[in-house]
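Please open the structure in a viewer and keep the selection tool at hand. The tour below proceeds stop by stop, stating what to select and what is to be found there.

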Amino acid sequence: MSKTQKSTTLNRSDMSVDGEIEIVALTHGFGKGPTRSVVISDCNLRLAPGKLSVMIGPSGCGKSTLAKLIAGYFPPDEGRVSIDGRHVTGPGKDRLMVFQESALFPWMVTEENAIFGLRASGSTDKADQHRAGDLLERVGLAHFVKKFPGALSGGMQRRLEMVRALVNDPALFILDEPFRGLDAMTRTLMQEHFAQMFEQGRRTALFITTDIDEALLLADQIIIMSHSPMRVTKIIPVDVPRPRTMADLFTNEHINEIKSEVMKVLYAEVIKAFKGSSRVEGSAATSLQQRVGSTQ
Ligand SMILES: Nc1ncnc2c1ncn2[C@@H]1O[C@H](COP(=O)(O)OP(=O)(O)OP(=O)(O)O)[C@@H](O)[C@H]1O
Ligand SMILES: [Mg+2]
């Protein structure tokens, strides 16, 4: 379907959707004329409903751009994104984004931030607000409902952002490096929280990260993206039951086999990205190449 063809924009009334994402021949670039750069080229991908897919790729390859295209923030130059067979033509309440940067409103207290999406969509339903209260309690924020974001730790802010997304009961979750910048301990706790919340709701989730261990802890499948222009290089299933722990990453032989494969494919892409950059000397790429060699 071309982008000029008519199709339905998904919205809150489409809550019965299963959450299957299909990306077909997607191409997108920025700029015009000689300054134009193509970031995504002929990208094809299908995400099955109820699965947690983790996308990983070299920095700057176009992951956030793809996330925004799925969210419907802007249309692709070519190709299409469909959700349950319907062409995405704009943002919708069925898709919830959590970004690498905090998007909380500093002038709202926790409980107001949590129900912002509900209010914005016109809900004054007490049951919805009750649900927000329940979720805040479940993530350990019950005693912080009257606090402003500035009085919350980084980990608490991320938990609040998760609640704000979950409370809308989206069919799809798109998380763009939601735990970037958190200290190691908080990050591990957040990963556990997220895995638990995912198991309870089983919404289709696309989780973007640059951290291989995070991908191995969470994913049903790891989608490795190429360097720019970006497309899918390889999809590697992680057929290990959740919950998984950091200890499993050291002791579970099968996880380690998957890790070696992910590293091999990903580092090959990172090396291409380094070599494609005129400002990076060959030594960095050589050092990465040695690491790839050591995983084979
Ligand atoms: N609005 C924009 N205008 C112009 N160029 C952009 C815009 N958004 C992204 N880009 C460019 O597109 C490329 C991909 O950016 P993007 O943020 O999607 O990468 P990424 O894979 O998410 O990177 P990271 O892992 O560092 O978050 C980069 O070269 C970036 O400079
Ligand atoms: Mg990004």
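How many bridges join β3 to β9, and do the two strands run parallel or antiparallel? Four bridges join them, and the strands run parallel. The model on display is a predicted one.

**The whole chain**

Begin with the full chain in a cartoon view. Its secondary structure comes to 10 helices and 10 strands. Of the 296 residues in the chain, 37% are buried. Consider next the contacts between residues at least 6 apart in sequence: 73% of these join residues at least 24 apart.

**The six-stranded sheet**

Select β6, β7, β8, β3, β9 and β10. Together these six strands form an open sheet, in the order β6-β7-β8-β3-β9-β10, with mixed pairing. At its edges are β6 (95-98) and β10 (232-237), each of which pairs on one side only. On average, neighbouring strands of the sheet are turned by 15° against each other, direction ignored.

Now restrict the selection to β3, residues 52-56. On one side this strand pairs with β8 (residues 204-209) in the parallel sense, over five bridges. β3 is also joined to β9 by four bridges, again with the strands running parallel. Ile 56 is a useful residue to label here. It stands opposite Thr 209 in β8, and its bridge partner in β9 is Ile 224.

**From β9 to β10**

Move the selection to β9, residues 221-225. This strand is mostly covered, since four of its five residues are buried. β9 pairs with β10 in the antiparallel sense, over five bridges. Within this pair, Gln 221 stands opposite Pro 237 in β10. The two strands form a hairpin with six residues between them.

Select Pro 229, which lies in the loop between β9 and β10. A cis peptide bond joins Ser 228 to Pro 229, with omega about -5°. A second cis peptide bond is found by selecting Arg 242 and Pro 243, where omega is about 0°. Pro 243 lies in the loop between β10 and α8 (246-251). Such bonds merit a stop because most peptide bonds are trans.

**The surroundings of ligand 1**

Select ligand 1 and display the residues around it. These are Phe 30, Val 39, Gly 57, Ser 59, Gly 60, Cys 61, Gly 62, Lys 63, Ser 64, Thr 65 and Thr 210. Which helix supplies the largest share of this shell? It is helix α1 (residues 63-71), with three residues. By type, the shell divides into three nonpolar residues, seven polar and one charged.

**Val 81 and its contacts**

Select Val 81, whose place is in strand β4 (residues 78-83). Is this residue buried or exposed? Val 81 is buried, because 23 other C-beta atoms lie within 10 Å. Leaving aside neighbours within four places in sequence, Val 81 is in contact with Ile 23, Leu 26, Leu 69, Ile 70 and Val 88. Leu 26 is 55 residues away along the chain, yet the C-alpha atoms of Val 81 and Leu 26 are separated by 7.6 Å.

**The largest nonpolar core**

In soluble globular proteins, nonpolar side chains tend to be buried together. The largest nonpolar core of this model holds 70 residues; Val 54, Ile 70, Val 163, Ile 174 and Ile 222 touch the most other members. Helix α9 (residues 253-275) gives the most to this core, with seven residues.

Centre the view on Ile 174. Not counting residues up to four places away in sequence, Ile 174 touches Ala 67, Ile 70, Ala 71, Arg 95, Leu 96, Met 97 and Leu 206.

**Two residues with positive phi**

The last stop concerns backbone angles. Most residues other than glycine have a negative phi. Select Asp 42, in strand β2 (residues 37-47): although not a glycine, Asp 42 has a positive phi of about 45°. Asp 42 counts as partly exposed because it has 15 C-beta neighbours inside 10 Å.

Then select Asp 84, in the loop between β4 and β5 (86-87). Asp 84 is likewise not a glycine and has a positive phi of about 50°. With 18 C-beta neighbours inside 10 Å, Asp 84 counts as partly exposed.

How values were computed
Residues are numbered from 1 along each chain as its sequence is written. Chains are lettered from A and ligands numbered from 1 in the order in which they are written. This is a predicted model: local features need pLDDT of at least 70, side-chain atom pairs count only at pLDDT 80 or more; totals for chains, interfaces and linings use all residues. Two strands pair if DSSP finds at least two bridges between them. Axes are lines fitted to C-alpha atoms, for helices over the stretch in contact, and angles run from 0 to 180 degrees between N-to-C directions. A residue is near a molecule or strand if its C-beta atom, placed from the backbone, lies within 6 Å of it. Ala, Val, Leu, Ile, Met, Phe, Trp, Tyr, Cys and Pro count as nonpolar, Asp, Glu, Lys and Arg as charged, and the others, Gly among them, as polar. A residue is buried if 20 or more other C-beta atoms lie within 10 Å of its own, exposed if 12 or fewer, and partly exposed in between; C-beta atoms are placed from the backbone. Two residues are in contact if their C-beta atoms, placed from the backbone, lie within 7 Å. A nonpolar core is a set of buried Ala, Val, Leu, Ile, Met, Phe, Trp, Tyr and Cys residues joined through C-beta atoms within 7 Å.
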